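Q: I'd like a close look at the contact between the chains, please, and then at some helix packing. Take it slowly, since I'm new to this.

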Amino acid sequence: MSDNIKISVRHLYKIFGDDPQPALEMVKAGMTKTELMEQEQHVLGLNDINVDMPAGRTTVIMGLSGSGKSTLIRHLNRLIEPTSGEVWVDGENILEYNERQLRGLRQHKMSMVFQKFALLPHRTVLQNAGMAPAVEGKSERKYADEATKWLERVGLQGQGNQYPHQLSGGMQQRVGIARALTSNSDIMLMDEAFSALDPLIRTDMQNLLIDLQAELQKTVVFITHDLDEALKLADHLVILKDGFVVQQGEPQHILLNPNDPYIEDFVSDINRARVLRVRSVMIETTDAEGEVSGEVDADDTLESVISKSEGDTTRRYRVTRDGQPVGMLDMRRLVRALVPRDASGETRMTG
Amino acid sequence: MATYDFVFEALGLKEACGADDGGGLSSMADLMGDATGEDQVVSLWDTPFPSLDALHEACPAIPQSREVTRGLEQGFLNIKDSLKVVVDPLTQPLSWALNEALWIMQATPWWIMIPLLMLIVYLVGRSAKLVVLVAVCFGFLAFIDYYEYTMQTLAIIFVCAFICVLFGVPIGIAMSRSDRVQRGMIPVLDMLQTLPPFVYLIPLIFLFSVTEPKLYGIAIILYAMVPVIRLTDLGIRLVDQDVIEAADAFGMTKRQKLYGVQIPLALPNIMAGVNQTIMMSLAMVVIASLVSAPGLGVLVLRGIRSLELGVGLLSGLGIVLLAIILDRVTKAALARINAAQK
């Protein structure tokens, strides 16, 4: 990644239990999660996590339940204290912060969106959206404009005087997002923010987040257990399993080159045509010679190319980015990319 | 001759026990023995438990059980004066508050008092039905000339319930914040709740003069404070952890969290505690009439003492009416809070 790194996690360990320090030594010596549970009755939450999160991009942390993803995100604003490790934000190790600095970090630099919304039921939507300025001691009159602006941006015009329980789940989560945006923080932590919503609303919210990202370029850390969601939102994808990072990198790359059977399992259920982009399967070349049926953009999905080709596998396309030719795309190659590696005959040796 | 002689003989402690001086207090068995002139033969079946009295018979150096109660009494009397030096000034404001409240409630003419109470009920409950109920109840009690007594009871309850909330809510908050405080408080609360109410009147009578209002004030407060403490603790502990986490994530201080999140969200439970506290102070105010608490309890007591059936029943009915009013009004307030929070 050539981008600036906003958040950097180094050698982060978290062990839950009465006496984590000796357990930490054992884990560092190579003890597994199951062994630790059986022999020491300690739960290994996170195991040597090293992740760099680029500024202004969306980092998605994906894993099944129990993989430690919610634990990890709570370390970024120290809602959970690590057993060992470092978390650097803008070049400062936040684990060295005292209580006042930590509150400052939470008020100004990081905001959080929760799976179960976690709005204050006794305050109005406007007061909820203005939680961050209210915590700083600003009066409702002062923050009302800012909060209203963000409420309108997330599609809640004129709902400011309602109470959260009067809104539907999707609308409540919009309030949650408006609350995070009103804090004007660079970093937005989203803990399974859309998991409690039904599928259609969830798609709406994902699109809302993508729009907001295009406009605001916040550093978003998004937790999900849903690979479709992860691939849709991620600039950088981190896959967790049993508390350690299985693979991280550019999502297209992970999709095409899974390095672990666990990830292959994940990836096999995906609608690849919708997720994969032309740039990931094209042959890079600047002299696009030969006969072509047309031009496609490097960021188009394969699905759109298939629809353009009307299913004709003999066609070839010139791939362009910002109008410049960057490669060629053969429809045969495209179709082959749609099949997961395991099923395509190139069975890889596992283990 | 006593059952446990052999124990002391076996241990060689007969000397240490000292000789039976024959004087002092003797047991019934000894008297019987003296009267019949023969030793009582105790069968195995009748072997007494090695209690203080039984052991005393064998060894006079061991005190009799009556010494325990006497010692307790003496101990209390010994610390009484120094205890009084501390407790008396601390609780004096309670006496003043009770006296003032009693005076105000009785000095205000009925044609101001009853409409005022109706207004308060309306402001708290926002229900016309409730206001009518209050008017009818007070009207009835005044009609049978129990107005004075009712106002006295009400004055005592207002003062005591207010003080219960004033101290009970902070104690409940302290319990909710620290498991250690909670572990320490729970046995105390259990004891206060299960101790028969008459029992803690006894040391209070020794400590204060029976003519002082704080005597019954303290008894009522101790008895009635428990529910509001418990439910405040419970209410704050039950506040949704997700919301607390959100408050943390947005950098709230502990104080902001307490006043902005925990107390408002615990309010339904706290109000349920206030309701229970008021009900329990009403129950106690009747018993407290034994130690000169004025009000409807005095009439109940008169009904029992001089077997005036009508007075007893009617004053009982008066207490029930008060209980219904206080319960309905606090519940109406609770319902309004709940409605605001869903």
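**Where chain B meets chain A**

A: Let's start with the overall patch: chain B and chain A bury about 1,900 Å² between them, and carbon and sulfur atoms give 67% of that (the accessible area, 1.4 Å probe, lost on being put together, summed over both parts). Keep in mind that this is a predicted model, where local features need pLDDT of at least 70, side-chain atom pairs need 80 or more, and totals for chains, interfaces and linings use all residues. Residues count from 1 along each chain as written, chains are lettered from A and ligands numbered from 1 in the order written, and side-chain values use heavy atoms, without hydrogens or water.

Who takes part? Chain B puts 20 residues into the contact and chain A puts in 25 (heavy atoms within 4.5 Å). On the chain B side, B:Glu245, B:Ala249 and B:Phe250 lose the most area to chain A, and together they make up 35% of what that side buries.

B:Glu245 turns up again when we look at charges. Its side chain meets that of A:Arg74 in a salt bridge, at 2.5 Å from N to O (a Lys or Arg side-chain nitrogen within 4 Å of an Asp or Glu carboxyl oxygen). Between chain B and chain A the count is 2 salt bridges, while the whole structure has 29 over all chains. One within chain A pairs the side chains of A:Lys69 and A:Glu192, 3.4 Å from N to O. That pair joins distant parts of the chain, 123 residues apart: A:Lys69 is in helix α3 (residues 69-76), and A:Glu192 is in the loop between β7 (187-191) and α9 (199-216) (helices, H or I of at least four residues, and strands, E of at least two, are DSSP runs numbered from the N terminus).

Now for the helices of chain B. The axes of α11 (residues 213-237) and α13 (residues 254-287) come within 7 Å and cross at roughly 155°, so α11(B) and α13(B) are roughly antiparallel. Helix α8 (residues 147-177) of chain B has an axis that comes within 8 Å of α13(B)'s and crosses at roughly 140°, so α8(B) and α13(B) are oblique (under 35 degrees is roughly parallel, over 145 roughly antiparallel, 65 to 115 roughly perpendicular, the rest oblique). Residues of α8(B) in this contact include B:Ile156, B:Cys164 and B:Ile173, and among those they meet in α13(B) as a group are B:Leu258, B:Ile270 and B:Leu282.

How values were computed
Axes are lines fitted to C-alpha atoms, for helices over the stretch in contact, and angles run from 0 to 180 degrees between N-to-C directions. Buried area is the accessible area (1.4 Å probe) that two parts lose on being put together, summed over both.
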